[in-house]
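I set out to record what I looked up in one structure, entry by entry. The notes begin with the chain as a whole and then turn to single sites.

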Amino acid sequence: MAFAPMGPEASFFAVLDQHRASLLAALRRGGGEPAGGGTPQASRFEDSVGLQMVTHFTTRKIKSDSLKSVKKFALILKILSKIYKLVQSNTYATKRDIYYTDSQLFGNQTVVDNIINDISCMLKVPRMSLHILSTSKGLIAGNLRYIEEDGTRVHCTCGATAVAVPSNIQGIRNLITDAKFLLIVEKDATFQRLLDDNFCNRMSPCIMITGKGVPDLNTRLLVKKLWDTFHIPVFALVDADPHGIEIMCIYKYGSMAMSFEAHNLTVPAIRWLGLLPSDIKRLNIPRDTLIPLTKRDQMKLDSVLKRPYVTCQPFWRKEMEIMADSKMKAEIQALTFLSSDYLSRVYLPNKLKFGGWI
């Protein structure tokens with residue numbers, strides 16, 4: 001064993017082991033989840049991958065002799081020249097590094113980010129192949145060891161502190177774990193609370209990761225790498241609100257903005273562990289601890305319900321319809337009404353032991 005067992009008895013993980021067996025059986029069959037219908041404007045949905053670009057997407061021309069696009073054309077050439085130098089010298093740079101090479105010319109970081117995405121899409125290669133790294137903001141903890149590209153040995157622990165997600169996911173090697181599951185936590189505050197409550201140790205062997213809200217590219221890449229390497233069950237813990245569901249969908253199905261790189265980023269095997277809208281009623285969470293949906297929330301929820309992958313997730317749809325009918329949302333912190341450590345001591349252990357995911 002790579003790690004000394006510290007958590008529950010083996011029988012606790014019986015349902016998790018059955019779930020993993022079903023996931024492996026689906027992989028051997030070469031299938032994913034039941035196929036959905038519908039087609040987004042610039043991408044299609046494939047159940048085993050997520051959102052992907054369609055072959056007949058709309059293209060846009062940028063000309064060097066047009067006043068409207070001459071600056072964009074020049075900026076693309078400038079960044080292409082920097083990419084060429086990085087590839088030739090076998091070195092890497094972050095998007096932030098590129099922005100600061102001429103911040104006045106670029107104007108803001110978003111301009112650089114969009115152009116890099118355009119170049120990656122145009123050349124049909126992952127951003128890593130351009131030798132451009134994203135700045136990591138995610139954290140990881142639990143039963144995991146690996147070696148970074150520069151030879152640094154990283155030993156993630158179940159203590160009160162976490163390890164920063166590496167900037168070069170492609171470069172890490174020799175990953176070792178005996179984890180029974182991977183838990184994606186939406187928010188940093190919830191992630192830290194679980195560490196403080198010693199959840200990681202009590203549920204060992206396991207891995208926890210957070211992208212601190214909308215996940216950065218490296219956090220998504222690491223979740224994908226862990227799934228591809230170990231094929232352990234992956235669960236998402238998010239707020240019972242449209243924003244939390246959106247974040248979970250990014251991990252599971254990807255986003256239209258990065259649909260050209262879906263194969264490297266999505267994990268359709270992810271299951272929604274909590275907080276489920278149906279849990280709010282089941283646990284008798286008082287209405288005064290809930291938050292009314294705003295108009296923006298309602299628009300987001302309507303948008304998610306119309307997406308093609310929701311067609312093949314009837315249980316997800318039911319939960320979202322419960323939220324829409326109640327016109328209320330809840331943060332994970334609403335569980336503290338029951339007790340300060342209810343999330344780590346009761347809610348998550350019971351969900352994991354008895355298969356309370358969808």
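The entries below concern a predicted model.

**Entry 1. The chain as a whole**

I first took the overall counts. The protein chain contains 14 helices and 15 strands. Of its 358 residues, 51% count as buried. I then looked up the accessible surface: the chain exposes about 17200 Å², and carbon and sulfur atoms supply 54% of that area. For the contacts with a separation of 6 or more, I noted that 76% are between residues 24 or more positions apart.

**Entry 2. Cysteines**

How many disulfides does the structure hold? I found zero. I then examined Cys158, which is in no disulfide; its nearest cysteine sulfur belongs to Cys200 and is 3.4 Å away. A disulfide requires the two sulfur atoms to be within 2.5 Å, so the pair does not qualify at 3.4 Å. Seen from the other side, Cys200 is likewise in no disulfide, with the sulfur of Cys158 as the nearest one. Buried or exposed, I asked of Cys158? Cys158 is buried, because its relative accessible area is 10%, and the limit for buried is under 20%. Cys200 also counts as buried, because its relative accessibility is 0%.

**Entry 3. Helices α9 and α12**

I next looked up how α9 (residues 242-253) lies against α12 (residues 295-305). The two axes come within 9 Å and cross at roughly 35 degrees. The crossing of α9 past α12 is left-handed. Which residues make the contact? On the α9 side I listed Pro242, Ile245 and Glu246, and on the α12 side Asp297, Lys300, Leu301 and Val304. Sorted by class, the contact has four nonpolar and three charged residues, and no polar ones.

**Entry 4. His19**

I located His19 in helix α1, which spans residues 14-29. His19 counts as buried because its relative accessibility is 9%. Apart from neighbours within four places in sequence, His19 is in contact with Pro233, Phe235, Arg271 and Trp357.

**Entry 5. Leu139**

I found Leu139 in strand β5 (residues 139-142). With a relative accessible area of 16%, Leu139 is buried, since the limit is under 20%. I checked its position relative to Val163: the two residues are 24 apart along the chain, and their C-alpha atoms are separated by 5.5 Å. Which residues does Leu139 touch, not counting those up to four places away in sequence? I recorded Ala162, Val163, Ala164 and Val165, then Asp188 and Phe191, and finally Met208, Ile209, Thr210 and Lys212.

**Entry 6. Glu319**

Glu319 lies in helix α13, residues 314-326. I asked whether this charged residue is buried or exposed. Glu319 counts as buried, because its relative accessibility is 8%. Leu276 is 43 residues from Glu319 in sequence, yet the C-alpha atoms of the two are 6.7 Å apart in space. Leu276 is also one of the contacts of Glu319 when neighbours within four places in sequence are left aside; the others are Trp272, Pro277, Ser278 and Ile358.

**Entry 7. Cis peptide bonds**

I noted a cis peptide bond between Ser204 and Pro205, with omega about 5 degrees. Where does Pro205 lie? I placed Pro205 in the loop between α7 (199-202) and β11 (207-210). A cis peptide bond also joins Gly274 and Leu275, and there omega is about -10 degrees. Leu275 is in the loop between β13 (271-274) and α11 (277-282).

**Entry 8. Positive phi values**

I looked up backbone angles at two sites. Asn174 is not a glycine, but its phi is positive, at about 50 degrees. I found Asn174 in strand β9 (residues 173-176). Lys327, again a residue other than glycine, has a positive phi near 55 degrees. Lys327 sits in the loop between α13 and β15 (328-329). I recorded Lys327 as partly exposed because its relative accessible area is 49%, and exposed requires over 50%.

Key. Residues are numbered from 1 along each chain as its sequence is written. This is a predicted model: local features need pLDDT of at least 70, side-chain atom pairs count only at pLDDT 80 or more; totals for chains, interfaces and linings use all residues. Side-chain values use heavy atoms; hydrogens and water are left out. Helices (H or I, at least four residues) and strands (E, at least two) are DSSP runs, numbered from the N terminus. Buried means under 20% relative accessible area, exposed over 50%, partly exposed in between (1.4 Å probe, protein chains only). Contact means heavy atoms within 4.5 Å. Accessible areas come from the Shrake-Rupley method with a 1.4 Å probe; for residues, only the protein chains shown count as cover. Axes are lines fitted to C-alpha atoms, for helices over the stretch in contact, and angles run from 0 to 180 degrees between N-to-C directions. A crossing is left-handed if the near helix is turned anticlockwise from the far one by less than a right angle, and right-handed if clockwise.
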